Amino acid sequence: MIKQNVSRRQFLNIMGVGSAVVAGLGLAACGSSSTSSNSSSNSESTTLSGSISCTGATSFQALVEDAANDFMDANENVTITIGAGGSGQGLSDVKDGTAQIGRSDIFAEQKLDASDAAELTDNQVAVVGMGPIVNSGVDIDDISTDDLKGIFTGSITDWSQVSGSKASGTIQVINRKSGSGTRATFEQAVLKGATVPDSFTPVAEEDSSGTVVEKVNQTENSISYLAFSYYDDSKFKALSVDGVAATNENVESGDFNIWAYEHMYTKNADDVTQAFIDYMLSDDVQDSLVEKDGFIPASKMKVSKDVDGNITK
């Protein structure tokens with residue numbers, strides 16, 4: 001069931017497909033936004049007003065929520081609703097016009113037809129590192145890319161088969177659903193095009209990063225992957241990969257290669273939507289909220305990545 005928000009500053013957490021309604025204002029969250037002008041004989045002022053629906057990737061949802069809160073505080077006639085659903089959902093929503101902004105961990109070209117992707121504007125608001133995590137009871141702190149590939153294609157099924165592990169036990173793989181940009185980023189960097197056999201069945205496939213945190217925390221012998229922004233040492237153990245620690249500094253330098261741009265795609269953005277995008281790219285957000293929430297300003301990157309996952313220094 002789709003929830004309705006009752007306050008202009010409350011966020012609507014939408015899971016899955018659907019539109020949202022801002023009940024208190026009578027504004028459809030997926031409807032158009034506008035700019036209104038109030039003039040008098042002595043002065044003329046322009047006030048942003050309207051509604052924005054922003055759906056998609058959960059990996060940087062908290063960052064966008066924080067920025068949207070500040071933006072709405074400064075623009076009292078603007079309502080922003082934040083939906084989840086994963087990168088695929090966000091891209092589909094912005095393509096179809098049911099959302100003004102689609103959040104994605106992957107390039108639109110990886111999910112949409114080339115003609116549909118070409119109609120979207122790519123606003124890269126941050127970079128996020130992603131890495132493997134395990135239940136706190138697992139006895140390793142580092143894992144090789146080859147072992148990760150084996151685990152997530154089903155050829156390695158017991159911890160005794162993993163280099164450095166002195167324990168045994170069936171590996172409980174907790175994956176993200178197929179529409180997840182976090183999953184696409186992880187598989188692009190780790191599997192490198194390897195086909196996952198139909199016989200491979202993870203114990204769970206989750207549609208949000210928050211659920212992955214709880215599942216790994218509660219499931220013995222489990223492994224999954226998350227954006228750094230969700231890392232929490234009190235709930236799970238984050239692993240280094242090939243001896244390289246999962247840190248923002250190692251992502252910036254290119255030494256750690258599991259990372260993604262955080263995209264906020266728009267399509268023919270109206271004034272209020274473009275104003276919010278401009279705010280996301282401003283120093284007010286890039287120099288404060290981005291790093292505070294665990295992300296990397298794109299300007300700090302010493303390497304770049306293309307749609308095929310190729311990293312260039």
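Start by selecting T145, D147, L148, G150, I151, F152 and T153: these are the buried residues of helix α4, where buried means under 20% relative accessible area, exposed over 50% and partly exposed in between (1.4 Å probe, protein chains only). Before you go on, note that this is a predicted model, in which local features need pLDDT of at least 70 and side-chain atom pairs count only at pLDDT 80 or more, while totals for chains, interfaces and linings use all residues. Residues are numbered from 1 along each chain as its sequence is written, and side-chain values use heavy atoms, with hydrogens and water left out.

**Around helix α4**

Now show the whole of α4, residues 145-153: 7 of its 9 residues are buried. Helices (H or I, at least four residues) and strands (E, at least two) are DSSP runs, numbered from the N terminus. To see what covers the buried residues, add the elements in contact (heavy atoms within 4.5 Å); among them are β7, β9 (172-176) and α5 (181-190). Then step to G154, just after α4, which takes a positive phi of about 90°.

**Strand β14 and its partners**

Next, select residues 259-266. This is strand β14, and 8 of its 8 residues are buried. Two strands pair if DSSP finds at least two bridges between them. On display here are two such partners:

- β6 (residues 101-104) runs antiparallel to β14, joined by 4 bridges; look for I101 opposite T266.
- β7 (residues 124-134) is also antiparallel to β14, over 5 bridges; find V128 opposite A260.

**Salt bridges**

A salt bridge is a side-chain nitrogen of Lys or Arg within 4 Å of a carboxyl oxygen of Asp or Glu, and the count comes to 10. Try E119 and K267, which meet at 3.2 Å, N to O. E119 sits in the loop between α3 (114-118) and β7, and K267 in the loop between β14 and α8 (271-280), 148 residues apart. E119 is partly exposed at 44% relative accessible area, and K267 is partly exposed at 29%.

Move on to K237 and D141, a salt bridge of 3.5 Å, N to O. K237 lies in strand β12 (residues 237-238) and D141 in the loop between β7 and β8, so the pair ties together parts 96 residues apart in sequence. D141 is exposed, at 54% relative accessibility.

Finally, pick K215 and E206, 3.8 Å from N to O. K215 is partly exposed at 33%, whereas E206 is buried at 12%.
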